[in-house]
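Trainee: Could you walk me through the charged pairs here, and the reasons behind the labels?
Mentor: Gladly, let's bring the structure up.

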Amino acid sequence: AQAGTQPSALREIVTQPSHKRWSDVGGLDAIKQLLVEAVQWPTRHGALYAAAGIQPPKGILFYGGPGTGKTLLAKALAGESGANFIAVKGPQLLSMWAGESERGVREVFRKARQTAPCIIFFDEIDTLTPNRGVTGGALTDRVVAQLLTEIDGVEDLRGVTVLAATNRLDQIDAALLRPGRFDFLVEFHAPDHAGRRAILDVHAGRMPLAPGVDLDALAAATEGMVGAEIEALCRQAGVAAIRERVMGHAPADAAALTVTSHHFDEALSAMKKERAA
């Protein structure tokens, strides 16, 4: 009954529970460990933090290029931690009506405090918190002030962790970036060879691979690609294998489907042409 009942305080703003896990994220082991220590440990071992006389971090900001795994890692953290999870797209809080945007920010944090332990995830936070007096107008200035008050104001943010992601760190107001608000600024890079191999293990590992497929060679051939592009590569290779059977009028037997090195080479060649165009 508990598993099938959603708290009424969460019905208005919370997305469906995340089914992602750490195993769905290839590589990024150091960042995963940071999130475990910063988010999961304070919830599960609160007495140890109290005994050490320290407060857990309030906020963590992910930044880096598109497709490097920022949102995916936030979903995996939500699935692993078991905490309530409020996902907020930056632009959705902005309203043309005076005071509504600030009220939206207050409501998100009020719901989070009511349902602690809770994680608030602001995706594309740069659209919500641009540099005051430079890129934003009066509306975004008030939203930034409200967000600063909620994270680091008089009312304690106990049991609530703020996650945020952005592609444009330079566009975020500097007041948000100091410790006590966002305590950790975590940069996401394009994966190295080991990271690409781990991502291939996640996505290609679910596919019916032919014996000759060499994932190490494929990891070397995908240098410079980010996680989203490697996932797309595996998807395109799978589609190429399906196309070969359907167009070749082969029996539609799912058990006989295999993805070969030729299919990966075809998909990789097509993606490189798209990137060069």
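**Salt bridges and burial**

Mentor: Let's start with Glu 102, which is buried, its relative accessible area being 10%.

Trainee: Why is Glu 102 called buried?

Mentor: Buried means under 20% relative accessible area, exposed means over 50%, and partly exposed is in between (1.4 Å probe, protein chains only). Glu 102 has 10%, so the label is buried. A word on the basis: this is a predicted model, where local features need pLDDT of at least 70, side-chain atom pairs count only at pLDDT 80 or more, and totals for chains, interfaces and linings use all residues. Residues are numbered from 1 along each chain as its sequence is written, and side-chain values use heavy atoms, with hydrogens and water left out.

Trainee: What makes Arg 142 and Glu 102 a salt bridge?

Mentor: The term asks for a side-chain nitrogen of Lys or Arg within 4 Å of a carboxyl oxygen of Asp or Glu. The closest N and O atoms of Arg 142 and Glu 102 are 2.8 Å apart, so the pair qualifies. This pair links distant parts of the chain: Arg 142 is in helix 5 (residues 138-152) and Glu 102 in helix 4 (residues 100-114), 40 residues apart. Helices here are DSSP runs of H or I with at least four residues, strands are runs of E with at least two, and both are numbered from the N terminus.

Trainee: Why is Arg 142 called partly exposed?

Mentor: Its relative accessibility is 36%, which falls between the two limits, so Arg 142 is partly exposed.

Trainee: How do you know that Lys 32 and Asp 29 form a salt bridge?

Mentor: Their N to O distance is 3.9 Å, within the limit, so this pair counts too. Both residues lie in helix 1, three residues apart, about one turn of the helix.

Trainee: Are Lys 32 and Asp 29 buried or exposed?

Mentor: Lys 32 has 11% relative accessibility and is therefore buried, whereas Asp 29, at 56%, counts as exposed.

Trainee: What makes Arg 206 and Asp 24 a salt bridge?

Mentor: The closest N and O atoms are 3.0 Å apart, so the rule is met. Arg 206 sits in the loop between helix 6 (193-203) and helix 7 (215-221), and Asp 24 in the segment before helix 1 (29-44), 182 residues apart. Arg 206 is exposed at 53%, while Asp 24 is buried at 18%.

Trainee: How many salt bridges does this rule give?

Mentor: The count comes to nine.
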